[in-house]
Amino acid sequence: MALHGLAGMRNELSGQIALDSLIAPAVEAAGYRLVRLRVKGAMRKTLQVMAERPDGQMDVDDCANLSRALSEVLEAADPISDEYVLEVSSPGIDRPLTAESDFARFAGHDARVEMTDGLAGRKRFKGLLIGLDGHDVLMDVSDEGETRRVRLRASDIAEAKLVLTDRLIRESLKARESKEAKASH
C-alpha cells in the first residue's frame, strides 16, 4: 500500500487495525491461527491472509475452507472500499516470524530479522535463533568470522522470517510425513 505523508500513514494504520480486529477472530473461529495480514497493491488491492492450523500445518483444503469463511465475514462487513482480491495462504517453509512464540518454536533455525530501531547502529541481523528470554529474542550472529549473541527486543522487530536451509526442509518434510502416516492409520 502506498503511503502519502503522515495522514496516509495514520489512515493505513487505522485501516490495518480495523482489518485485524475483524479478521483475527474469524480466523480463530474457523480453527486457525492468523500468522500475518497484509493489504498489498495500490491500483488493485490484495488482502493477503496467512494462517495455519494449531499443529502448524496448512494445506490447500485448509486455505479453501478459510477463504470461504472469511469471504462471508468480509461480504457482511465490507471493510475495504475498493475492489480487492482475497488471498489465503500458508506461511510456507521460510515463514515469517510474527509472534513471540514463533521465536521459541523455531529456536535452532536460521532467521533474518529487521529492527525498527537499530542496535549499536545496525538494523538487520541474520543468524541462529536461540529462543526467547522474557520479551527479548536471542540470536547468535556471525560477523567477520566471529559469532556473538545479540538480544533483540521483540517489540522493536519490524520483520522477521526463517531462512531456507537444508535442515529446515528436512524437518518440514519429516513433519509432513508424520502427519500423513497418522492420517493413514
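Let me begin with D133, a residue that counts as partly exposed at 38% relative accessibility, where buried means under 20% relative accessible area, exposed means over 50%, and partly exposed covers what lies in between, computed with a 1.4 Å probe on protein chains only. R151 is also partly exposed, with a relative accessible area of 42%.

Before I go on, please keep in mind that this is a predicted model, in which local features need a pLDDT of at least 70 and side-chain atom pairs count only at pLDDT 80 or more, whereas totals for chains, interfaces and linings use all residues. Residues are numbered from 1 along each chain as its sequence is written, and side-chain values use heavy atoms, with hydrogens and water left out.

How far, then, can we trust the model, as judged by the average pLDDT of the protein? The average is 88, and 92% of the residues score at least 70, on a scale from 0 to 100 that gives the predictor's confidence in each residue. Over residues 1-13, however, pLDDT stays under 50, and for this stretch the model has 8 contacts beyond four places in sequence, a contact being heavy atoms within 4.5 Å. Where pLDDT is low, the predicted coordinates should not be read in detail.

Let me turn to the sheets. I will speak of helices and strands as DSSP runs, numbered from the N terminus, with helices (H or I) of at least four residues and strands (E) of at least two; two strands pair if DSSP finds at least two bridges between them. In one open sheet, 5 strands follow the order β7-β6-β5-β4-β8, with antiparallel pairing. The edges are held by β7 (146-153) and β8 (157-162), each of which has a single partner strand, so one side of each is left without a neighbour in the sheet. From one strand to the next, the twist averages 40°, and for angles in general the axes are lines fitted to C-alpha atoms, for helices over the stretch in contact, with values running from 0 to 180 degrees between N-to-C directions.

Inside this sheet, β4 (residues 110-119) and β5 (residues 122-133) pair in the antiparallel sense over 6 bridges. E114 has R124 of β5 as its bridge partner, and L119 has R122 of β5. The hairpin of β4 and β5 has 2 residues between the strands, and here A120 takes a positive phi near 55°. With β8, strand β4 pairs in the antiparallel sense over 5 bridges, and V113 has A160 of β8 as its bridge partner.

There is also an open sheet of 3 strands, in the order β1-β2-β3, whose pairing is mixed. Its edge strands are β1 and β3, each of which pairs on one side only. On average, neighbouring strands of this sheet are turned by 15° against each other, direction ignored. Strand β2 (residues 45-52) and β3 pair in the parallel sense over 6 bridges, and K45 stands opposite Y84 in β3. Across β2 and β3 lies helix α2 (residues 60-77), running at about 145° to β3.

Finally, we come to charged side chains. Side chains of opposite charge can pair when their charged atoms come close. How many salt bridges does a search of the whole structure find? It finds 18, where a salt bridge is a side-chain nitrogen of Lys or Arg within 4 Å of a carboxyl oxygen of Asp or Glu.

This returns us to D133, which forms a salt bridge with R151, the closest N and O atoms being 2.9 Å apart. The pair links distant parts of the chain, with D133 in strand β5 and R151 in strand β7, 18 residues apart. A second example is the salt bridge of E159 and R38, at 3.5 Å from N to O. Here, too, distant parts of the chain are linked, E159 lying in strand β8 and R38 in strand β1 (residues 33-40), 121 residues apart. E159 is partly exposed at 43%, and R38 is partly exposed at 29%.

A third example joins K161 and D94, at 3.6 Å from N to O. K161 lies in strand β8 and D94 in the loop between β3 (84-89) and α3 (100-105), so the pair ties together parts that are 67 residues apart in sequence. Last, R33, E52, R95, D102 and R105 are linked in a network of salt bridges.
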